[in-house]
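Student: I have a structure open and want to learn how to read a sheet. Where do we start?

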Amino acid sequence: MFNNATYESYSPKSEIRRFLGRLKVEDPPFFWRTQSLKDESIRTALLSATGPNAPEASSAGYGSAGRPSNRPLCVVIAGGGTGGHLFPGIAVAQEFQNRNPASKITFVSTGNLLEKTVLSKTGYTLQTITAAGIKGLGVWNQVKSVAKIPGGILAANKILKNISPDLTIGLGSYSAGPVVFAAWLQRIPIVVQEQNILPGITNRILSRFADRVYISFKNTRSHMDPQKVYWTGNPVRREILDSDDSFEAIKDKASDVRAFTVLILGGSQGAHTINMAVIEALDHLGDTEQLHFVHQTGQADEKPVREAYSKSKISGRVQAFFDDMATQYGQADLIICRAGATTVAEVTALGKAVIFIPFPFAADNHQVLNAGSLSDEGAAEMLLEKDLNGRILSEKIKYYAAHPAELEKMSSRAKQFGKPDAARNIVDDCYRLLAR
């Protein structure tokens, strides 16, 4: 513990540098090892970085033991960057506010365009810190990313002290790291949510700080402490879950003759390889009178894809990004998409027939693993990008359009993998955690 005399010559940045220097690398090129993190003097020293009169570590979030209640909570959700990380966080936020509208939810991340655009429409507050990814970068970029860590921790520490949350939730992206570490310093209860079947490096590290780790796949491969790990499923936004029922009601009133609708998704940024394969496939489809495409292209490919549909005279709705994904999912008969964990969670919760085209450069090849967990059971089809071309894609589209029974079989199996109650499972356990 620091006294006032010590504090006068104390430099937060130098103390953090000394701290990081003591830690042995466990998952290069990142940092932190469990044994070092048990050193209470380090925790106390870093807490003091906000001033000599910093309050003692909070016991926020812990109430009397017994059954969990739905009392209002103050929750910080850390991470984002991509829709695959951000949307599960939004689903959990919605569930907290469904339990008690007085709950206050704050997202903390780097504040990229996607985060600002999506969160501005939800009403949730976004506060920003400095952080950068490390894995897969060159040595110099890794050094620059590591140099941002102390500043990110200090910024997160300040945010958490101002908010005084009951709970911090890490979503697994690199921006979650400084926030979760700051929460650990302040003894704020921590839970981590892992979307993929193979946990990423950030969550492998952050699991050591966490009270709980919520996994999306039953067969998730990890070396995390099994006492902390709970299989909950990957949270899906409420509007997505509600889309299926609402569209079924519309179909009941519609004509029996309806175009076979193919939804093409490349993630929030689009997928150039898929876009080009679809453009090529349009020339191989033949009779397209009963086909309709809904195609999310990403910003870069929107114009050429739109022109291709127009030239082929095939019915298609083309946009860089869809805000109304609930509607698009509801109308789709067949989905062609990447195999990010959030997309997998959404299509299985709805029971949709899917052709997955995994992104081949995803960290640790996790998209192939995500897709394989379903395709191995006949709950989806997987087409590797190296085998992708327009002719093959057109043949698959025509086959499923002509074989509704096969489509229905795949849809039914996919739904067996869905966990539509994932957000509820997580929030239930969070209340139990805070009530112990």
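Tutor: Start with strand order. This is a predicted model. Its open sheet has six strands in the order β10-β9-β8-β11-β12-β13, with parallel pairing.

Student: Which strands stand at the edges?

Tutor: β10 (316–319) and β13 (381–382) do. Each has a single partner strand, so one side of each lacks a neighbour in the sheet.

Student: How many bridges join β9 and β10?

Tutor: Four, in the parallel sense; β9 covers residues 291–296. Find Val294, which stands opposite Arg317 in β10.

Student: What lies across β8, β9 and β10?

Tutor: Helix α13, residues 302–312. Its direction is at about 170° to β10.

Student: What about β11?

Tutor: Look at its pairings. β8 and β11 are parallel partners over four bridges, and Leu263 is opposite Ile335 in β11. β11 also pairs in the parallel sense with β12 (residues 353–356), again over four bridges. There, Leu334 has Ala353 in β12 as its bridge partner.

Student: Which helix joins β11 and β12 in a β-α-β unit?

Tutor: Helix α15, residues 341–350, and the unit is right-handed.

Student: Which way do the side chains of β11 point?

Tutor: Two ways. Leu334 and Ile336 point one way, Ile335 and Cys337 the other, and all are buried.

Student: Is Cys337 buried or exposed, by the numbers?

Tutor: Buried, with a relative accessible area of 1%; the cut-off for buried is under 20%. Cys430 is buried too, at 0%.

Student: How many disulfides does a search of the whole structure find?

Tutor: Zero.

Conventions
Residues are numbered from 1 along each chain as its sequence is written. This is a predicted model: local features need pLDDT of at least 70, side-chain atom pairs count only at pLDDT 80 or more; totals for chains, interfaces and linings use all residues. Side-chain values use heavy atoms; hydrogens and water are left out. Two strands pair if DSSP finds at least two bridges between them. Helices (H or I, at least four residues) and strands (E, at least two) are DSSP runs, numbered from the N terminus. Contact means heavy atoms within 4.5 Å. Axes are lines fitted to C-alpha atoms, for helices over the stretch in contact, and angles run from 0 to 180 degrees between N-to-C directions. A disulfide is a pair of cysteine sulfur atoms within 2.5 Å. Buried means under 20% relative accessible area, exposed over 50%, partly exposed in between (1.4 Å probe, protein chains only). A crossover is right-handed if, with the strands pointing away from the viewer, the path from the first strand over the helix to the second runs clockwise.
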